[in-house]
Amino acid sequence: MLAGRSRPSRGRRWRALHSPAYSQSTGRRPRPGRRARQRYKLTIEYAGTRYSGWQIQPNARTVQGELERALRTVAARGRLETYGSGRTDAGVHALAQVAHVDVASPLPTDTLVARTNAVLPHDINVLAAERVP
């Protein structure tokens, strides 16, 4: 440091990044007036016979599409999108597919599993849900 100079002030960006409201997971600050979204890890099993694979496709019934439809019914607020750990082809079954979803209205994991399974078709089942950072 040069003689006679004081320490430089910390700018707005530094203060924003080091404030408690800064989200470490997304790297962004939540918008004012918005609630933080809760992320859930879902473990899913399904018989893929009636589906065109995991990933949403136009004009085709998919596992991801059915799961998102059910989750929108359960957690009705805000935009919702699921992210699978992998994809399956048409007709392929899964015993423990892992996916995550960010939900605007946090629910207890037992409630999320029970309500989602009540809305899902009989050949798709959420085995477990856990909150993750």
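From the N terminus onward, the elements of the chain follow the order α-β-α-β-β-α-β. In total there are three helices and four strands, where helices (H or I, at least four residues) and strands (E, at least two) are DSSP runs numbered from the N terminus. This is a predicted model, in which local features need pLDDT of at least 70 and side-chain atom pairs count only at pLDDT 80 or more, while totals for chains, interfaces and linings use all residues. Residues are numbered from 1 along each chain as its sequence is written, and side-chain values use heavy atoms, with hydrogens and water left out.

## The chain as a whole

Of the 133 residues of the chain, 34% count as buried. Buried means under 20% relative accessible area, exposed means over 50%, and partly exposed lies in between (1.4 Å probe, protein chains only). The accessible surface of the chain amounts to about 9,000 Å², and carbon and sulfur atoms account for 50% of that area. Such areas come from the Shrake-Rupley method with a 1.4 Å probe; for residues, only the protein chains shown count as cover. Among contacts (heavy atoms within 4.5 Å) between residues at least 6 apart in sequence, 65% join residues at least 24 apart.

## Strand pairing

Two strands pair if DSSP finds at least two bridges between them. Strand 1 and strand 3 run antiparallel and are joined by eight bridges; Arg-39 has Asp-102 of strand 3 as its bridge partner. Strand 2 pairs with strand 3 in the antiparallel sense as well, over three bridges, and here Tyr-83 is matched with His-100 of strand 3.

## The nonpolar core and helix 2

A nonpolar core is a set of buried Ala, Val, Leu, Ile, Met, Phe, Trp, Tyr and Cys residues joined through side-chain atoms within 4.5 Å. The largest one has 24 residues, and Leu-42, Ile-44, Leu-67 and Leu-112 have the most contacts inside it. At least two residues of this core come from each of strand 1, helix 2, strand 3 (94-103), helix 3 and strand 4. Helix 2 gives the largest share, five residues. Leaving aside neighbours within four places in sequence, Ile-44 is in contact with residues including Trp-54, Leu-67, Ala-99, Ile-124 and Val-126.

Helix 2 has twelve residues and reaches 17 Å from its first C-alpha to its last, close to the 16 Å expected at 1.5 Å a residue; the expected span is 1.5 Å times one less than the number of residues. At the start of helix 2, a side-chain oxygen of Thr-62 comes to within 3.1 Å of the backbone nitrogen of Gly-65. Buried residues of helix 2 include Val-63, Leu-67, Ala-70, Leu-71 and Val-74. Their cover includes strand 1, strand 2, strand 3, helix 3 and strand 4. Arg-72, also placed in helix 2, is partly exposed. The C-alpha atoms of Arg-72 and Val-103 are 9.2 Å apart, although 31 residues separate them along the chain.

## Individual residues

The table sets out the accessibility of several residues.

| Residue | Place | Relative accessible area |
|---|---|---|
| Thr-82 | strand 2 (residues 82-84) | 2%, buried |
| Asp-123 | loop between helix 3 (109-119) and strand 4 (124-132) | 11%, buried |
| Leu-107 | loop between strand 3 and helix 3 | 13%, buried |
| Arg-72 | helix 2 | 39%, partly exposed |
| Asn-59 | loop between strand 1 (38-46) and helix 2 (63-74) | 85%, exposed |

Thr-82 touches Trp-54, Gln-64, Leu-67, Glu-68, Leu-71, His-100 and Val-101, not counting residues up to four places away in sequence.

Asp-123 makes a side-chain polar contact with the side chain of Tyr-51 (2.6 Å). A polar contact is a pair of N or O atoms within 3.5 Å; within protein, one must be able to donate a hydrogen and the other to accept it, and residues adjacent in sequence count only if both atoms are side-chain atoms. Apart from neighbours within four places in sequence, Asp-123 is in contact with Glu-45, Tyr-46, Ala-47, Arg-50 and Tyr-51.

Leu-107 lies 8.3 Å from Ala-75, C-alpha to C-alpha, the two being 32 residues apart in sequence. With neighbours within four places in sequence left aside, the contacts of Leu-107 are Tyr-40, Val-74, Leu-112, Arg-115 and Arg-131.

Most residues other than glycine have a negative phi. Asn-59 is not a glycine, yet has a positive phi of about 60 degrees.
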